[in-house]
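Here's a quick briefing for anyone about to poke around in this one. Have the viewer open and follow along.

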Amino acid sequence: MGFNLIWALSIFIGNDALLWIAVLLLLHFVFVAKSWIELPIVLVVALVGYSVDYILTIAGVFRFEQAQGITPVWLFFLWIGFCSTLRYSLHFFSEKYRIASIAGAIAGCVTYFSAAHFGAVELPLAPVISAAILAGVWALLFPALLWISHTMSQYLSKHICL
């Protein structure tokens, strides 16, 4: 529910919603068990996901009108919000990489096309090309993010005794 609110704030309000998005993310880290493990995992995984979006933006797959640079600030916060779901609501997909690949391909397309529909991002390529690129990227990216999250979680749980 928290991520859906972060998504809506990001897509509909953009950078003007950063304070509210930051509050929601802070609440996640305050109330999640073992936040000292959660924080580095979420930040590393979010950086990977954001980097993929950055590369896709440079490659011309995305265009952000409201961005001061290449991508808007809200996009990184959105990635943090998404990555905070990997160990909890999306944990079902952990270590089920084939299913995660299919889900990522479908949900990745739907999410970006929804964001484009609401004007948060432009997809300047033909819809079929955008869909093919997004499906391919997310078929690989979602399982990779789950793997990184799972691997880091196991490592940090064993090596951080707080």
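What follows covers the pockets, the nonpolar core and one serine. Keep in mind that this is a predicted model. The largest pocket holds about 460 Å³ of space, and the second largest comes in at about 320 Å³. The largest nonpolar core counts 44 residues.

**Largest pocket**

- With a volume of about 460 Å³, the largest pocket is lined by 23 residues, and Phe 3, Phe 82, Ala 107, Thr 111 and Trp 138 are the ones closest to its centre.
- Four helices each give two or more residues to that lining: H1 (2-13), H4 (73-83), H5 (97-117) and H6 (127-159).
- H5 makes the largest contribution, with seven residues.
- If you're thinking about chemistry, the lining splits into 18 nonpolar residues, four polar ones and one charged one.

**Second largest pocket**

- Sixteen residues line this pocket, and if you want to find its centre, look for Met 1, Gly 2, Phe 3, Ser 84 and Thr 85, which lie nearest to it.
- Phe 3 turns up here among the residues nearest the centre, just as it does among those closest to the centre of the largest pocket.
- Helices H1, H2 (18-31) and H4 each put at least two residues into the lining.
- The class count here is nine nonpolar and seven polar residues, with no charged ones.

**Nonpolar core**

- As a general rule, nonpolar side chains in soluble globular proteins tend to be buried together.
- In the largest core here, the members that touch the most other members are Phe 62, Trp 74, Trp 79, Phe 82, Cys 83, Leu 86 and Phe 142.
- H1, H2, H3 (35-58), H4, H5 and H6 each give this core two or more residues.
- H6 is the top contributor, with eight residues.
- Phe 82 is worth a click, since this well-connected core member is also listed among the residues closest to the centre of the largest pocket.

**Leu 86 and Ser 149**

- Setting aside residues up to four places away in sequence, Leu 86 touches Val 45, His 91, Phe 142, Leu 145, Leu 146 and Ser 149.
- Ser 149 sits in helix H6.
- Is Ser 149 buried or exposed? Its relative accessibility is 3%, so Ser 149 counts as buried, the cut-off being under 20%.
- Beyond its neighbours within four places in sequence, Ser 149 is in contact with Ile 41, Val 45, Leu 86 and Arg 87.
- Val 45 appears in both contact lists, touching Leu 86 as well as Ser 149.

Definitions and conventions. Residues are numbered from 1 along each chain as its sequence is written. This is a predicted model: local features need pLDDT of at least 70, side-chain atom pairs count only at pLDDT 80 or more; totals for chains, interfaces and linings use all residues. Side-chain values use heavy atoms; hydrogens and water are left out. On a 1 Å grid over the protein atoms alone, a cavity is a set of points where a 1.4 Å probe fits but cannot get out, and a pocket is an open set with protein on both sides within 12 Å along at least five of seven lines; lining residues have an atom within 4 Å of a point. Grid points are joined across faces, edges and corners, and a volume is the space filled by probe spheres set on the points. Ala, Val, Leu, Ile, Met, Phe, Trp, Tyr, Cys and Pro count as nonpolar, Asp, Glu, Lys and Arg as charged, and the others, Gly among them, as polar. A nonpolar core is a set of buried Ala, Val, Leu, Ile, Met, Phe, Trp, Tyr and Cys residues joined through side-chain atoms within 4.5 Å. Buried means under 20% relative accessible area, exposed over 50%, partly exposed in between (1.4 Å probe, protein chains only). Contact means heavy atoms within 4.5 Å.
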